[in-house]
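Biologist: I should like to understand the terms applied to this structure. Could each be set against its definition?

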Amino acid sequence: MEPLLRLAVPGDASAIAELMRASVLSLFPAYYDDVQVASAEVHIAGLDLALIEDGTYYVHEANGEIVACGGWSRRNKLFNGSAAGSDDRLLDPTTEPARIRAMFVRGDWTRRGLGRAILTACVDAARAAGFTQLALMSTLPGVPLYKSFGFTEVEAAELTMPDGVVLGGVAMERPVDLIGDMR
């Protein structure tokens, strides 16, 4: 069955949180050691309910299960989880980039275009909200997807979790309207 892309609703929260944890446990070991994966499960795989409340978070549902999720934000929070801080200030779309946030895919659903479909929905919605730029902080497993969608690396980053564990990451950006759009 082809997964259905839709906006997330508050009733999806527990299934999204479980998907985030499962995705970290499945995909992060190829990029991080056991200590880093365990820390990411706690501190990266945390759902920011403001994304759902703001109507900017999407899920792919197949056979009654959420198999992918991700979204964008008009708030000044660059990434998800407890390590991100709590700046919820609204961004100015004329001078600041919208944020791509909290992209997770269940391990057995990777490489099927679900992430690209979510990113396409995010680009379209951010454009409709007046944004001209997108920014994100990627963990290492997400970098190939974002690069294939036209994001460029701004700089490597070290993401220090609240427990002191450091994960490698990459700050990335792209214009909303990309010439030769990578969809």
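Modeller: The following exchange takes up strands and one residue in turn. This is a predicted model, in which local features need pLDDT of at least 70 and side-chain atom pairs count only at pLDDT 80 or more, while totals for chains, interfaces and linings use all residues. Residues are numbered from 1 along each chain as its sequence is written, and side-chain values use heavy atoms, leaving out hydrogens and water.

Biologist: Why is Ser 73 called buried?

Modeller: Buried means under 20% relative accessible area, exposed over 50%, and partly exposed in between, with a 1.4 Å probe and protein chains only. Ser 73 has a relative accessible area of 1%, so Ser 73 is buried.

Biologist: What makes strand β4 (residues 98-105) largely enclosed by the rest of the structure?

Modeller: Eight of the eight residues of β4 are buried, so the strand is largely enclosed. Strands are DSSP runs (E, at least two residues), numbered from the N terminus.

Biologist: How do you know that β4 pairs with strand β3 (residues 65-73)?

Modeller: Two strands pair if DSSP finds at least two bridges between them. β3 and β4 have five bridges, in the antiparallel sense; Ala 68, for instance, has Val 105 in β4 as its bridge partner.

Biologist: In which sense do β4 and strand β5 (residues 133-139) pair?

Modeller: They pair in the parallel sense, over two bridges. The bridge partner of Ala 98 in β5 is Leu 134.

Biologist: Which residues does Ser 73 touch?

Modeller: Contact means heavy atoms within 4.5 Å. Leaving aside residues up to four places away in sequence, Ser 73 touches Leu 51, Thr 56, Leu 91, Ala 98, Arg 99 and Arg 101.

Terms used. Helices (H or I, at least four residues) and strands (E, at least two) are DSSP runs, numbered from the N terminus.
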